[in-house]
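I opened this notebook to record how two helices pack and where enclosed space is left in the structure. The entries follow the order in which I looked things up.

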Amino acid sequence: MNAFDVSRRAWRVSPDEYVAGRSADFQRTDPVSQYVGMRDGCRLAVDVYLPGSAPNVAAAGPFPTIALFTPYYRRFKLRPGSSAEGNPNTGKFRDFFVPRGYAVVVIDVRGTGASFGTRDSFRSPMEREDSREITDWIVDQPWSNGIVGSSGVSYLGAAADFLASTGHPAVKAIAPLFSVWDTYADNYFPGGIQLTKLTQLYDDLMIAMDHDRRDILKQFSYFNNPDLEGPQPVDDDLDGVLLQAAIKEHLGNFRQTEFMPEFKFREEGLAYDSGFSSASFSPYSVFAGIKPDVAILSVSGWRDGAGYMNGAISRFLTLKDNPSHLLLGPWDHGARIDVSPWRTTVEADFPLLGEILRFFDTYLLGHDTGLREEAPVHYFSMHDERWRASAAWPPIDTGFTFFLGSKNELHDMVGPAGADAYKVDFSLGTGAGTRYERIAGIDSRTYYQDWQGRTGRMLSYTSQPLAHGAELAGHGLADLWVSSSELDAALFVYLSEIEADGTERYVTEGLLRALHRKEAPAPESYVTTWPFRSFARPDAAPLTPGKIERIRIPFLPVAWRFAAGSRIRVSLAGADADHCGQVPHGRPPLLTIAFGGDHASTVELPLVVLEAGR
């Protein structure tokens, strides 16, 4: 087992202790907003916030800069007299870092907000080159000390990756938060299965923001405030004429509902542009451009969509030669909510900005914060409700194997050969309180509270009660022998804890389209500790109906303590109608799961058995 903190303290200096001892000596000045021209003449809207010695009086400086590249408006125009937050997307970074001696620059990426241009892609490669030029502009400003970092949640986090990949010498540290490494596998096609509802909802959000359609925008709780009156014009655009011209250009932006289905196979070029594929808008494809001295803080949460945590982990494993840190908490997308069933507050109360501050203080300001002496990995164990530290990922390299067997049971040894049949029900879903809603811009507040009884409609196998508590940390693996009556199938595998009183709790899940069952060595650009698939057309193959095949499905990572007396359940389904399309269309497969004998289906879990009484 790797170094695994079993004390009550995971940090030498905790994030809240660091913030308490860190002075905030400056005031935040009002933003200066202007256009910055790009290589092709496109003008990007930029807001600059500087530390001040008094209200609206800039301090002497110069300062390191944190750049935030957003498609969600650098700032809203507010109704006159309103006290609303004009920057719901990045305002917390502005308010936290500027008083502590950082310049914060917020940029509307091309084709969004008040910026000109047209978006030709989700996370367009054009934006990567824009970020290089914006950084050139930043270091030329009198308030800049020539050192730049970048951060942000989701799209902004991937933009930080892209900025670092330019190799710009001013970029010294990035903190990608809740962001993908591979847009295909981490975001829109987890396990090769398209998240159709996400695609539609994100398209609605793009239209609402890029076209300034406030009638559509109000359906998203983040922006449902009548005082928000569209994107803020830059300072010189007093009559808003330039803003209206920019929005008119946005009408030519790509549509997500038409764009994303073009990428059914990973890294396959478009029919009209063979050089443009899912890799073109995924940070892993340009990782080689990240200099080894660039420090990286990767952050995600256990309910962060269907792969963002994989992205954070793979970024950490891939960039092993960089100063690299990994933080995984009990969070949804953006750490808005504490997702643990045993939470004491609904909103996440971890001082995440404090941990990011310590990181930037170390690598942008050059302060001796003690961060380099901390363990590189910190993660939160749910139900145990405490943070742990590890020298590496995965934190647990030992495990336990459960064998599927007769009477829908999990055993600790292989049993006689047998099989169970399961007819896929395309109406089966996982509800509206899942890991998938927040990534679609839905303000979820509770997670899997209606899980009780859902596995009764699935093919389930349940263990005997655990004699001792056990802690899981990492990627479990369902190693199954499966046959299907159809040429393809979507395989969803769920892990649950059945407590002694019968309470059923969702722990995690894995999903895989059988068409993509072929495994491949993980490339150097996407290092994994779980089975890797290329999701490429040459590796895709239909099933042979009735033929039993071995298919390994990794669970999404989690840290979870199973209580003594609880039982572990693994459940198999062939649909999630609430989030994914049918596979195959209109042909619900009859699945057969073999177990025992030569076809011993198993579930392997990275578990540490706890001492009695825990």
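**Helix packing and cavities**

I compared the directions of H3 and H4 and noted that the two helices are roughly perpendicular to each other. The model I worked from is predicted.

**Entry 1: the helix pair.** I looked up the geometry behind this. The axes of H3, residues 125-139, and H4, residues 155-165, cross at roughly 70°. Since angles of 65 to 115 degrees count as roughly perpendicular, the crossing falls in that class. The two axes come within 9 Å. I then checked the hand of the crossing and recorded it as right-handed.

**Entry 2: the contact.** Which residues of H3 meet H4? I listed Glu127, Arg128, Ser131, Arg132 and Thr135 on the H3 side. On the H4 side I listed Tyr155, Phe162, Leu163 and Ser165. By class, I entered three nonpolar, three polar and three charged residues for this contact.

**Entry 3: the cavity search.** I turned to the enclosed space. Rolling a probe the size of a water molecule over the atoms shows where empty space is left. How many cavities of 30 Å³ or more does a search of the whole structure find? I recorded six.

**Entry 4: the largest cavity.** I noted a volume of about 280 Å³ for the largest cavity. Its lining consists of 22 residues. Nearest its centre lie Gly191, Asn310, Trp530, Phe535 and Pro554. I asked which elements give two or more residues to this lining, and found helix H5 (183-188) and strand S23 (504-513). The largest share, three residues, comes from S23. I sorted the lining by class and obtained 13 nonpolar, five polar and four charged residues.

**Entry 5: the second largest cavity.** For this one I noted about 80 Å³ of space. I wrote down its lining as Leu44, Phe69, Ile107, Val109, Arg110, Glu127, Arg128, Asp130, Ser131, Ala159 and Phe162. The elements that give two or more residues to it are H3 and H4, the pair whose axes I had found to cross at roughly 70°. Which of the elements gives the most? I entered H3, with four residues. By class, the lining divides into six nonpolar, one polar and four charged residues.

**Entry 6: cross-check.** I compared the residue lists of Entries 2 and 5. Glu127, Arg128, Ser131 and Phe162 take part in the contact of H3 with H4, and these residues also line the second largest cavity.

Methods. Residues are numbered from 1 along each chain as its sequence is written. This is a predicted model: local features need pLDDT of at least 70, side-chain atom pairs count only at pLDDT 80 or more; totals for chains, interfaces and linings use all residues. Side-chain values use heavy atoms; hydrogens and water are left out. Axes are lines fitted to C-alpha atoms, for helices over the stretch in contact, and angles run from 0 to 180 degrees between N-to-C directions. Angles under 35 degrees count as roughly parallel, over 145 as roughly antiparallel, 65 to 115 as roughly perpendicular and the rest as oblique. A crossing is left-handed if the near helix is turned anticlockwise from the far one by less than a right angle, and right-handed if clockwise. Contact means heavy atoms within 4.5 Å. Ala, Val, Leu, Ile, Met, Phe, Trp, Tyr, Cys and Pro count as nonpolar, Asp, Glu, Lys and Arg as charged, and the others, Gly among them, as polar. On a 1 Å grid over the protein atoms alone, a cavity is a set of points where a 1.4 Å probe fits but cannot get out, and a pocket is an open set with protein on both sides within 12 Å along at least five of seven lines; lining residues have an atom within 4 Å of a point. Grid points are joined across faces, edges and corners, and a volume is the space filled by probe spheres set on the points.
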